[in-house]
Amino acid sequence: MLTREAAQPEPEPEDTADDPARRYSISGRVLAPGGVPVAGVKVVARPSSGSRDKRTHETRSGESGDYEFGGLLQGEYNVRTAATANFAATGGLFRAGTQSADLLLRGNQTVLISGRVTDAAGLPLAEVEVKPSSKDGVTVWTDVGGNYRTQFPSMAPGTSLSVLFRLDGYLEERAYVNQNDVGPTGKARLDVQLMSLEGTVKVSGVLRGSDSALLAGELVQLNSPSLNNRYRETSAADGTFLFAAVEPGGDYRLTIHPRSRYESYYQQPIDVQSPSVSLTVTLKPLKTGRLTGRMVDADGSAIPEFSMALKSNRSQSAYVDVTSDRDGYFRVEHTPAGNLMFSTRSRPQLNVSGITLEPGGAADATLVLDWGDNELQGRVRDNSRRPVSGASVQLSGRHVGGGIQSSSLRRTTTDADGNFRFSELGPGMHAISVRMNGFESADRAIDVGRHSGSVDLVLTRLSE
C-alpha cells in the first residue's frame, strides 16, 4: 500500500457544458485497405452513456478522407462509419480531443461457412439445425452425411461469427469463426460434435450473499479445461441456477463475477458425476477503502478532466469511473480494495497497475499517463524510397515509478503516400513499430517532445 500523505484535491469544477472555450473536437481519416482515402462516407459520433452531450453528430469524409466533429463536450464518443455498397460499417470509441481517430474500412466480404456435424462416436448427424447469429444469416439443416453450408453477408473487422447447432436429444452447441479462420476467398470450415443428453449431469445451486440475501440476475459460469466445455446461466429471482445437461468430468470450475458489492467467486475442482450435483454459493462482501491521487504526464504536468475506469482484482465486474479535476486531482471514497488497475475504455489504450488498497485503508497514487499536446508524424518507405501504403504502425510507451507501472498503445495505418500521424501524446520515450506483409519489420525508439521533424522509417523488402 502507498503510504505517502494523500494530496488534497481542489474543489470540483463548475459545469462548463455551455462554455465554448471548453469544447473539443474529434478528427481523423477514413481509409480503405492499402491506406487509400475514401471520400463521401457518412460518419456518425454518438456520446457514450453518462455523457452530458445528448446529441448525435454526423458528417461525411472529405476528398482526402478526412473528417471532423467540432463543438463536443468532454467525454467519450462512439464514432462509426455507415455501411456502403463496397465497405462494411466500422468504428471505435474515442475520447473528445482526439485528432488522429482514423477509421479503417474493410470490404463487404460474404463469408461462406461449411462443415460436418457428428456425434461423440464420430457418426454423422442429419437434420441438425444450423443457425447463424446474424439476422441476415441463412439457417440450414445438415444432410444425411452431417454436412452443411451456410453464409453470412459480411464480417466486421475485429469480430467473430457465431453459429448455433441444435438437434432434439442432444446438447446445444455454439461455435465461433473469427477473422483468422476465414481464408482469402471468404470461406471457413467449422466441424462440430454434439453430445447426447443421455448420461449428462444436472448441476444446480443457490446463490446467496453473506447476509443471506438471495442474489438474482448474476452470471454463473461452469467450465472444464480438459473437456473444453463452458456453460453459462443466470441466477433466477430466488437465487437459484441450473445447468440442465453437463458432460461428466472431474475438473470443473465455478466462476461468478458479481455486478456490485460482492467479491468475485471461484470454486474448483468440482467433480460432476451422475445423476446430479447440488451447490451452495455464498459471496463475500466487497470491502472498500479511500483512494486519492493525481493524473500527470511524464514531466509531472497535470492532466485535467481525464476519465479512466478503475477496478480491483477482487471484483472483475465492478468498475468505478474516475475523472481528474482541472488540476489533475481525483478522489474515490469507496474504492474496491485489492490490487487496482486503471484503464481507458476508448482509444488510445492506457493502463496503470501496481496500486494496492487494503480494506478500510487509504492510499494516494500518482498516475503517469501518456497523454498531452505532442504529436508524431512520419512516413514509411521501402528501400527504393517509394512510399509504403497500408502498413500497420504501432506506438507504445511505458513508465515505471514508485512501484506503479503505466503503459500506452496506439495503432494506425499509413495512407497512400506512406504517411502516418499520432496525436495527444505525452512526453518521453516511445517505441514505434511498423509491420507490412512482404517486408521486414522496422522498430525505433523516439523521445516524444524532444524530437522535431518527421520520422522517416524504411522497410526492407523480403527476398522472394
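The following exchange goes through strands, cores, salt bridges and single residues of a predicted model.

Biologist: Which strand pairs with β17, and in what sense do the two run?
Modeller: Strand β17 covers residues 201–209. It is joined by eight bridges to its partner, and at the level of single residues R208 has T282 as its bridge partner. T282 belongs to β23. The partner is therefore β23, and the two strands run parallel.

Biologist: Which residues make up the covered face of β23?
Modeller: Strand β23 spans residues 276–283 and has two faces. The uncovered face holds S276, S278, T280 and T282. The covered face holds V277, L279, V281 and L283.

Biologist: Which element gives the most residues to the largest nonpolar core?
Modeller: This core has 22 residues, and V203, L222, F243, V246, L254 and V281 touch the most other members. The elements giving two or more residues to the core are β17, β18, β20, β21, β22 and β23. With four residues, the one that gives the most is β23.

Biologist: What does V203 contact beyond its neighbours within four places in sequence?
Modeller: V203 is one of the core residues that touch the most other members. Its contacts include L222, F243 and V246, which are also among those residues. The full set is L222, F241, L242, F243, V246, V272, V277 and L279.

Biologist: How many residues are in the second, separate core?
Modeller: This core is separate from the one described above. Its members include L291, F330, F342 and I404. The number of residues is 21.

Biologist: Which strands stand at the edges of the open four-stranded sheet?
Modeller: The strand order is β19-β18-β21-β22, with antiparallel pairing. Each edge strand has a single partner, so one side of each is left without a neighbour in the sheet. The edge strands are β19 (229–234) and β22.

Biologist: By how much are neighbouring strands of this sheet turned against each other on average?
Modeller: The sheet is open and its pairing is antiparallel. The average is taken over neighbouring strands, with direction ignored. The value is 20°.

Biologist: Which residue of β21 stands opposite Q221?
Modeller: Strands of a sheet pair through backbone hydrogen bonds, either parallel or antiparallel. Here β18 and β21 pair in the antiparallel sense over four bridges. Opposite Q221 in β21 stands T255.

Biologist: How far apart are the N and O atoms in the salt bridge of E58 and K42?
Modeller: E58 is in strand β4 and K42 in strand β3, 16 residues apart, and the pair links distant parts of the chain. E58 is exposed because its relative accessible area is 52%, whereas K42 is partly exposed at 30%. From N to O, the separation is 3.8 Å.

Biologist: Which residue forms a salt bridge with R331?
Modeller: R331 is partly exposed, with 34% relative accessibility. Its partner is also partly exposed, at 40%. The closest N and O atoms are 3.6 Å apart, and the partner is E333.

Biologist: Is D382 buried or exposed?
Modeller: D382 meets R386 in a salt bridge at 3.2 Å, N to O. R386 has a relative accessible area of 48% and is partly exposed. The corresponding area of D382 is 3%, so D382 is buried.

Biologist: How far apart in space are the C-alpha atoms of R461 and E440?
Modeller: R461 lies in the segment after β37, and its contacts beyond four places in sequence are D382, N383, R386, G438 and F439. R461 counts as partly exposed because its relative accessibility is 43%. R461 and E440 are 21 residues apart in sequence, and C-alpha to C-alpha the separation is 6.2 Å.

Biologist: What is the C-alpha separation of G122 and V206?
Modeller: G122 lies in the loop between β9 and β10. It is partly exposed, with a relative accessible area of 35%. G122 and V206 are 84 residues apart along the chain, and their C-alpha atoms are separated by 37 Å.

Biologist: Is E129 buried or exposed?
Modeller: E129 is in strand β10. Beyond four places in sequence, E129 contacts T139, V140, W141, L164, F165 and R166. The relative accessible area of E129 is 18%, and the cut-off for a buried residue is under 20%. E129 is therefore buried.

Notes. Residues are numbered from 1 along each chain as its sequence is written. This is a predicted model: local features need pLDDT of at least 70, side-chain atom pairs count only at pLDDT 80 or more; totals for chains, interfaces and linings use all residues. Side-chain values use heavy atoms; hydrogens and water are left out. Buried means under 20% relative accessible area, exposed over 50%, partly exposed in between (1.4 Å probe, protein chains only). Contact means heavy atoms within 4.5 Å. Two strands pair if DSSP finds at least two bridges between them. A nonpolar core is a set of buried Ala, Val, Leu, Ile, Met, Phe, Trp, Tyr and Cys residues joined through side-chain atoms within 4.5 Å. Axes are lines fitted to C-alpha atoms, for helices over the stretch in contact, and angles run from 0 to 180 degrees between N-to-C directions. A salt bridge is a side-chain nitrogen of Lys or Arg within 4 Å of a carboxyl oxygen of Asp or Glu.
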